[in-house]
Amino acid sequence: MNLNPAQAYEKFFEGNERFISGKLSHPRQDVEHRTEIAEGQTPFAALFGCSDSRLSAEIIFDVGLGDLFVVRNAGQVIAETILGSLEYSVEVLKVPLIVILGHDGCGAIQATIASSEGTLVTQGEFIQNLVLRIEPTVQAAREAGTDSIDEITALHIKATVQELISRSTLIDSAVRSGKLAVVGATYQLALGKVTPLVTIGNVN
Ligand SMILES: [Zn+2]
């Protein structure tokens with residue numbers, strides 16, 4: 001497909017517009033296309049988002065098979081395997097755009113707030129691991145005088161973008177060379193709307 005970051009950004013948000021309005025085109029989901037791309041993938045973007053069942057990537061961006069390289073975990077928390085997957089999408093698949101997607105009403109953020117208030121009821125050792133990784137953002141928000149879940153979610157998305165850029169030299173240099181843009185965005189469950197919060201690299 002070989003789009004530049006600006007073209008990929010446009011395509012991404014055009015798809016979300018169709019989803020918001022309910023005028024979906026369900027592109028590239030037919031048998032013919034499935035057979036055609038079996039030989040190899042050329043996705044136009046990578047998405048790192050929350051695992052929430054209401055955040056189905058291909059549906060909310062009205063795209064099809066082979067369009068998005070998707071990585072998700074609860075609360076979109078950076079980990080080495082996530083960095084590896086995203087580096088793969090840039091180095092090998094040459095995606096021009098990475099979108100980091102959080103959303104309102106996120107259970108992982110709610111769990112972290114509950115944990116910081118001492119009211120978290122989940123026991124899973126590895127759930128605690130997710131919570132611990134979001135906790136610094138909740139702490140920073142509190143120090144800045146807010147405990148609004150929407151503001152904490154926005155801060156966490158921005159922190160995730162920063163962490164991606166600062167930990168991956170490969171991704172940082174792809175952005176610097178103009179081959180890649182990274183967008184942090186939030187999704188409103190009821191509206192189906194994706195709103196960009198922070199952009200690194202040129203998408204205009
Ligand atoms: Zn979530």
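Let us start in the middle of the fold with strand S4, where seven of the eight residues are buried, so this strand is largely enclosed by the rest of the structure. Here a residue is buried if 20 or more other C-beta atoms lie within 10 Å of its own, exposed if 12 or fewer, and partly exposed in between, with C-beta atoms placed from the backbone. Helices (H or I, at least four residues) and strands (E, at least two) are DSSP runs, numbered from the N terminus. Please keep in mind that this is a predicted model: local features need pLDDT of at least 70, side-chain atom pairs count only at pLDDT 80 or more, and totals for chains, interfaces and linings use all residues. Residues are numbered from 1 along each chain as its sequence is written.

Now look at the sheet around S4. Five strands form an open sheet in the order S2-S1-S3-S4-S5, with mixed pairing; two strands pair if DSSP finds at least two bridges between them. Strand S2 (68-73) and strand S5 (193-200) are at the edges with a single partner strand each, so one side of each has no neighbour in the sheet. On average, neighbouring strands of this sheet are turned by 25 degrees against each other, direction ignored.

On one side, S4 pairs with strand S3 (residues 97-103) in the parallel sense over seven bridges, and Val 99 stands opposite Val 183 in S4. On the other side, S4 (residues 181-188) runs antiparallel to S5, joined by seven bridges. Val 183 has Thr 199 as its bridge partner in S5, while Thr 186 is matched with Thr 195. S4 and S5 form a hairpin with four residues between them, and Gly 192 in the turn has a positive phi of about 75 degrees.

What lies in the nonpolar interior? The largest nonpolar core has 54 residues, and those with the most contacts inside it include Ala 45, Ala 46 and Val 99. Such a core is a set of buried Ala, Val, Leu, Ile, Met, Phe, Trp, Tyr and Cys residues joined through C-beta atoms within 7 Å. Helix H7 (residues 149-167) gives the most to this core, with six residues. Ala 46 touches Phe 69, Val 71, Leu 86, Ser 89, Val 95 and Ile 98, not counting residues up to four places away in sequence; contact means C-beta atoms, placed from the backbone, within 7 Å.

H7 also packs with helix H6 (residues 125-143), at an angle of about 125 degrees and with their axes 9 Å apart. Axes are lines fitted to C-alpha atoms, for helices over the stretch in contact, and angles run from 0 to 180 degrees between N-to-C directions. At this interface, Ile 134, Thr 137, Val 138, Ala 140 and Ala 141 in H6 meet Glu 151, Ile 152, Leu 155, His 156 and Ala 159 in H7.

Helix H5 (residues 107-116) is next, with Ala 108, Ile 109, Ala 111, Thr 112, Ile 113 and Ser 115 buried. These buried residues pack against strand S1 (45-50), H6 and H7. After H5 comes Gly 118, whose phi is positive, near 80 degrees.

Finally, visit Gly 84 in helix H4 (residues 80-91). Gly 84 is exposed, with 12 other C-beta atoms within 10 Å. Gly 84 and Ser 168 are 84 residues apart in sequence, yet 8.9 Å apart in space, C-alpha to C-alpha.

How values were computed. Two residues are in contact if their C-beta atoms, placed from the backbone, lie within 7 Å.
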